[in-house]
Every structure is written in C-alpha cells, then in structure tokens.
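Here's a walk through a protein model, with an eye on cysteines, empty space and backbone oddities. Have the viewer open as you read.

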Number of protein chains: 2
Amino acid sequence: MKAEILCVGTEILLGDIVNTNAQFISKQLADLGIEVFHQSVVGDNPERLLEELKNGFERSDIIITTGGLGPTQDDLTKETGARFLGRELVLDKDSLENLKKRFSSMGRSYLKGNNVKQAYFPKGSKILPNPNGTAPGCIMEEGNKALIILPGPPKEVTPMFINYVKPILKKYSTRVIKSKTLRICGIGEGIMAEMASDIIKNSTNPTVAPYAKEEDTILRITAEAPTENEALDLIKPVESRLKKIFGINIYGEDNAKIEGVLGKMLVDKNYTISSAESCTGGLIAAKLVNYPGISQVFKEGAVTYSNEAKMNRLGVKKSTLDKYSAVSYETAKEMAEGIARTSNTDIGIATTGIAGPGGGSPGKPVGLVYIGLCIKGKTKVKKFQYPGNRATVRKRAVMSALDWIRREITDK
Amino acid sequence: MKAEILCVGTEILLGDIVNTNAQFISKQLADLGIEVFHQSVVGDNPERLLEELKNGFERSDIIITTGGLGPTQDDLTKETGARFLGRELVLDKDSLENLKKRFSSMGRSYLKGNNVKQAYFPKGSKILPNPNGTAPGCIMEEGNKALIILPGPPKEVTPMFINYVKPILKKYSTRVIKSKTLRICGIGEGIMAEMASDIIKNSTNPTVAPYAKEEDTILRITAEAPTENEALDLIKPVESRLKKIFGINIYGEDNAKIEGVLGKMLVDKNYTISSAESCTGGLIAAKLVNYPGISQVFKEGAVTYSNEAKMNRLGVKKSTLDKYSAVSYETAKEMAEGIARTSNTDIGIATTGIAGPGGGSPGKPVGLVYIGLCIKGKTKVKKFQYPGNRATVRKRAVMSALDWIRREITDK
C-alpha cells in the first residue's frame, strides 16, 4: 500500500510557511505501516494540480491533499479533484447547516456567496467534519484507490486526520509501528545519548533514538511487529531499562506536557500555587492555565515587570533591589516568598532574568535567569544561563521552573 | 525563469523531520525573482529520483536538490544526477584535501573508503565548498538549464546557498518578485475576500490574495517586474486602495506583530498599561513582554484565575461575582477598572471567559469571553464568542484584546 502527499498552496512555494502538514501526515502514515512514496507541493493553480493528481495516481494507491479548501476563488482543490475523477459538485445539506451555525455563533447573520462553496463536495464523497474550521474535508474512493482531501491549516488537519482519516486508513494497513516517547527536562541530547549509549547502539527492534526538542529532550523507542501487542511487548523491556537509567529526570511519556504532569500532581496533593514573573512575563501562569483542572490550586499569577510592582505587589525590599539589582539571587528569593505569602499558597515560584536582546552586561549576560521556589515557607534559588534569543530564553526558563517544582514535590 | 526543489531523504517521507530546506530555498528564490514551480520529496531511491529529475527538467529551468550526499551507500544524489546528464564522476583533488584536513581535525587519522566518495563529482561541475560539513555541493549546467546539488543538513544548506548559490543564480534572474502583506484582525478570510473582491478578481500584476492565519488574517499583494522599484511601483496603488477599504482594521504590515505595533504606540504616547487575566491566564502579559521596549509602560499583570484573587487583588465585588458570575460583563468591567486603579496605569485590560473544554453551559457556552478595557477612567466591555479549542479560544481572546486597545488609542 503506497501513499503520497500533495500539498496545495502558493504560500508554501513562496517559502512563507513551512510545510508541517506533510510531516504530520507522513508520520501518521508511517505509524499505520503505510509507505509514503512521494511528497509534492504545487501552487494554487488547477492545471498543475491536475497534472500532479494524474502522476500521483499512477505511482500510488492513496493521495492525500492539503490546502485549497477555503472560501476564495483561489481555492480549487475540491473542484480539481472532482474534475480529475469526473464527478460533479453537489451541495451537502449537513455541511451547510454546520456552516450556518458556525457563522451565527460568530455573530454573523447569514452566509455570503463565497462561503457557501465550502458546503459543496464531489458527488459520492465521504465528508470529513471540521469542527475547527469552516472547510470540511472529503474522501473519494475510485476502484481500489482513494483521494483524500484535507484543509490547509495544521490545527484543522491534525484533528481531522486523527478522528476521521486514521480509522478509515487502518483497513489498508497490515503491519504496525508503535512508539513510546520518554520526555526529559534538564539534560541535553548529547549527554542523554551518552547515558543510554549501550542501549542506543545495540537496539534494532525496537530502535532507541534521542532528539532535542525546543523545550525538552526526548528518547523515542520504536518497534515494528505484525500486531500492536507484539510491538508493545518489544518496547516494554527497553523502556524499563531506560527508566532505571533516567529516573526522576523523566517527567512524562509520549505527548505529556509539563503543565499536565505538574498540574495533576498539584491537584492530587492539593498544593496551592502562585507565580511571580519578571522575565517570563506571564508564561508560567499561561502554561499552568493550559491544564484545564488547574483552577483548583492555582490562586494567582503576578507579572511584576517593573521594580515598583516587585515592591508593591510582592514586598521585595527597596534595599534588595538597590544592593543586588532586580536580576539577582536575593530578588528571586523575595519574589517567591512574596507571592506565596500574599496569595496565601503552599508554593510560590518566581523568575527574574535577562531575556535580551538588550540589558546584558559582562557580569549579568543575556540568558541569565534566577528562579526562586518557596515551598511551605522554605525557599531555594537556582541560577540558570540559557543560550538563544529572547523567546527561547523565556521558554526554557518556564520549563526549568515547572520541572523544578515537579522534582521538589515528587515523593522520594 | 522557473525553478523547482527536489529534496531527497527517507526521513522526510517518514515524517521524522520537517522539510525546512524547501522553505528556506523557496523564500530565497522568491526574493531573487525566480518562480518556484514545484517542490517534491523522494526517498533514498535512485530510480524515483531519476524519474523526478526527468519530470523536473521538463517543467523547470533550474532544479535544486537537497540531501543524499553523505558517505553511505544510500546517498546517491550526485551519482543519479551524473547518470541523468550522462556524465562520469571524477575525483576533485581540492575536495579530497579538505576532507582529509577535516578528518584529521576531528582526530581521525585517515579516510575510510566510503568517505572518499564525497570528493567525487560529475565531470564539469562547479563545486560548492562546505565549511560546515563533509559533503560539498555542486552545480551542473546543461544548455540553459541547471542542476544544483546541495547537502541535507539545514546548517550546511543555509550558508552554502547564501555564499555560493545565490551569487550564481542572480545572473538567471531577469525579474524581481516583491510582496507586501497587510495584516488584519477581527475580520475573517471570507468577509475580507468579499470586501476586496473587485480588487482580487481584477488584479493580475500585482496579484492580491487573502489568507487566514492562526491569530489574524492577511492580504498579500505580489508584483513581478524587471526591477525592485518597478515592482514596488506596481504594488503602491493597489496597497492604497486596500488601505482605504480596510482602514483601521489593518493593524500592521509584512511581519509586524500586534505586540510590536501596540507596544510602540504605548511607548510613543507614554500610556502605561496593566492587565488582569482570567481565561487568558497570563498570555496578554506574555505577549506584551515579547516587545523588548515594553518595560517603560507595562507596569503589572495579574493572573486572577480564582474568584478570591479577583476580589483581593482587583477589588471585584463579591456581590458582582454572586449575582452575575465570574464570566460576565460586570466582572470584566470591575477587573479592568481594578487593575488600572491598583497598578495606577492609564490603561487596564481584562479578560474573563470560558476557554473549555469544560465549564460551558447553554447560557454561557465554551468560547464565550468578556474583555474589559479601561482607558483613563472610562471603561467599555465587549463580548466575544470564539470557535475552537482551549488554546485557540485563549489565543484569539489575546489578539482581540490587544487589537482593541490599538484601535482605541489610534488617533482618529
């Protein structure tokens, strides 16, 4: 079973966006044991799209397209797919109803001409609902081949693929690839690879590979077998060995996020928490609030960017700021204690640092961040030095702060 | 002059890596005025690569490949390119010397068989040095067409393209493509396309195309001309007409970000600002802090997720929360007024809403957000209803809030 991916969008050819859809779909198909044979990108041009559909159907059994389903005159993927397979476009009443509902929920009273086009599909299509956008996708089966048409925005493609396309494609697949990911914070890819070098070198099925991600590092164990259970059985012993090596450094598995892991621990232990942020500017609070259950324990976040706010809101002493400056061990300590005290929480977490691009000095370079952590009256401060630009420094500081809390409240 | 990009690598087809080379090269070519016609990806398979080279040379004048230059038997791009153009591979002595130097600098005393392969090139190639890796690239010219072969790792491709390929390609470029992007918040892609439908329909050079992005919508004007100035002259009148149609709805141009536009306005006007966030949980503060100069005017952010914090920090009345609930017009108003008052700022911005997935009710569905804006003592509240998941609702609320401030403080 061979598949290929055909992305439609002049934006991709202009280099304005990176084609993450191709990667996401390729990865999904690999997991399903379906071989991806080819990826291609054409612009919003029906003739080139038609040519690529012809070539694709000669090479492969399944073509998955993304993009070109919008309401504008440029959006012609469905129209071209219909033309290629000799089908007419027909109105789908359910899709029209959904579109109307969506528009009215956004406070727009009626659909205008262009938007109605999104409720038309090639005759005989199976329609793929899109709760995250206005353009549903569709599948056209033709003999033993299939043309699967998906929208362009990744946040629409991802759920549509997982919820509607994957269950249909499973019937095409005869072998299974399963992966298990262990997520680690605070250890770089190189050191991680060294700590696990014996396992990495000597594993063929499953394979073990380390990857550096933006906010953390991961170890991925991947096994291939005729059934899911057999693949999982291959993974288990390797997973146990890696867990022994990395211990508490592993904060989560697969798609776990630090805020989910930490949020659940805080709720389970009923530890209340508050945050006081300078250089991270609200990102710690925002990350915690990503976890839907956090409202039970997260009392308050203070973004105290100015010295004034650090003093007024958190009770940081003027003498501390004068003597040690805002980016210091002492300020971080008083910030963490101040937010825990004024919010009356078990835990107070605080950051103060120099995210850049300006503000650095030889003694306090860009990337320097102090993190203060006050747990039930006891306060510790750690000093970090991050590489990278303003956004990276801030993201890494957030990750360090949340992972540190996790480590501190883990039962030992 | 038409070009296409052909990336070679099974890891791209497996979805293990995202194809950033294609984006980088596309963007570079667009800036050079060379039209990218097609992108494709094939695995480490010489027959498929050969087929794609044939198709590519029929469609385009320049093919740029990436990947498949490594030392392993899988790496066959140069070999296949040579076969396609009927050339033999010959040893390049300079490349061999460089390779030897590189190996000895890495503490390896001699080159092993496979590695020597990286010093062989199709006869008559112009060689592209690679100071960042072991595999040089090469250019083969054939009549008025060119095959440009680059390595795979982006950190090798980027400098090689800029230092060696770009100067050569400039001679191929007889036309320049320039784009201008107008960024709009608060109007969907469909309505935007309708508002500008006459211009979109009737424009060929420049073209005008609307796109929906995650946080905003954009209109891109793209012109092609023999020189940059002529292209800009083609863009200007269309840009003026679009600016008249969309007026204040346009918050920025090209790569502008709302926090940059708003941050600059706040600093220029010396308006101090503070934020009180419930559902957005710190994202407004974090966005403002993205703008490096914001410290002059951003006094404080409060993430008042609990009712307790809304009362204690912001002075929201218990009777208001009891009578109208936390997600209400009245609470948003008191939050905005409370943060402006307690932080002593000109502007207070506040959000309270139901980001989901839980917490919705028929009267107050998921996606409902009230935004309060207090400017110099005068407070307004707006009600928004966003589609999408928790993350999307929060991002859109942040965008609406910041764009609303921008609109309010724009000189009329």
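## Cysteines without partners

C279(A) is buried, with a relative accessible area of 6%. Keep in mind that this is a predicted model. Where is the closest cysteine sulfur to that of C279(A)? It belongs to C185(A) and sits 15 Å away, which is too far for a bond.

Chain B has a similar story to tell. C374(B) is in no disulfide, and the nearest cysteine sulfur, that of C279(B), is 18 Å away. C374(B) is buried too, at 5% relative accessibility. Search the whole structure, over all chains, and you get 0 disulfides.

## Chain A at a glance

Chain A comes in three pieces: domain 1 (2-172), domain 2 (177-253) and domain 3 (258-409). Between the C-alpha centres of domain 1 and domain 3 of chain A there are 44 Å. Put a box around the C-alpha atoms of chain A, along the principal axes, and the box comes out at roughly 80 × 60 × 40 Å.

As for secondary structure, chain A has 16 helices and 17 strands. Of its 412 residues, 54% are buried.

## A pocket lined by both chains

The second largest pocket is worth a look, with a volume of about 760 Å³. Its lining has 27 residues, and those closest to the pocket centre are T10(A), E35(B), T204(B), T207(B) and T222(B).

Which elements supply at least two lining residues each? From chain A there's helix 1 (10-13). Chain B brings strand 2 (35-42), helix 9 (197-202), strand 10 (207-212) and strand 11 (217-225). If you care about the chemistry of the lining, it splits into 11 nonpolar, 9 polar and 7 charged residues.

## Closed cavities

Rolling a probe the size of a water molecule over the atoms shows where empty space is left. Here the count is 6 cavities of 30 Å³ or more. The largest cavity holds about 100 Å³ of space. Chain A lines it with N19(A), A22(A), Q39(A), S40(A) and V41(A), while chain B adds I5(B), C7(B), N19(B), A22(B), Q39(B), S40(B) and V41(B). Two or more of these lining residues come from each of strand 2 (35-42) of chain A, strand 1 (2-8) of chain B and strand 2 of chain B. By class, the lining has 6 nonpolar, 6 polar and no charged residues.

The second largest cavity has about 70 Å³ of space. Around it you'll find T72(A), Q73(A), D74(A) and N114(A) from chain A, plus A193(B), S197(B), I200(B) and P210(B) from chain B. That lining counts 3 nonpolar, 4 polar and 1 charged residues.

## Two helices of chain B

In helix 13 (residues 307-314) of chain B, the buried residues are A309(B), K310(B), R313(B) and L314(B). They cover an arc of only 105 degrees around the axis, so they're on the same side of helix 13 of chain B. Right after that helix comes G315(B), with a positive phi near 75 degrees.

Helix 10 (residues 228-246) of chain B contains K236(B). Is K236(B) buried or partly exposed? At 49% relative accessibility, K236(B) counts as partly exposed. Along the chain, K236(B) and I221(B) are 15 residues apart, and their C-alpha atoms are separated by 9.4 Å.

## Backbone oddities

Most residues other than glycine have a negative phi, and most peptide bonds are trans. The peptide bond from N205(A) to P206(A) is cis, with omega near 10 degrees. P206(A) sits in the loop between helix 9 (197-202) and strand 10 (207-212) of chain A. The bond from G356(A) to P357(A) is cis as well, with omega near 0 degrees, and P357(A) lies in the loop between strand 15 (347-353) and strand 16 (368-375) of chain A.

Now for positive phi outside glycine. K376(A) has a phi near 45 degrees and belongs to the loop between strand 16 and strand 17 (378-385) of chain A. K376(A) is exposed, at 55% relative accessibility. In chain B, N344(B) has a positive phi of about 55 degrees and is found in the loop between helix 15 (329-343) and strand 15 (347-353). N344(B) is exposed too, with a relative accessible area of 66%.

Methods:
Residues are numbered from 1 along each chain as its sequence is written. Chains are lettered from A and ligands numbered from 1 in the order in which they are written. This is a predicted model: local features need pLDDT of at least 70, side-chain atom pairs count only at pLDDT 80 or more; totals for chains, interfaces and linings use all residues. Side-chain values use heavy atoms; hydrogens and water are left out. Domain bounds come from an automatic or database domain assignment. On a 1 Å grid over the protein atoms alone, a cavity is a set of points where a 1.4 Å probe fits but cannot get out, and a pocket is an open set with protein on both sides within 12 Å along at least five of seven lines; lining residues have an atom within 4 Å of a point. Grid points are joined across faces, edges and corners, and a volume is the space filled by probe spheres set on the points. Helices (H or I, at least four residues) and strands (E, at least two) are DSSP runs, numbered from the N terminus. Ala, Val, Leu, Ile, Met, Phe, Trp, Tyr, Cys and Pro count as nonpolar, Asp, Glu, Lys and Arg as charged, and the others, Gly among them, as polar. Buried means under 20% relative accessible area, exposed over 50%, partly exposed in between (1.4 Å probe, protein chains only). The arc is that of the directions from the helix axis to the C-beta atoms. A disulfide is a pair of cysteine sulfur atoms within 2.5 Å.
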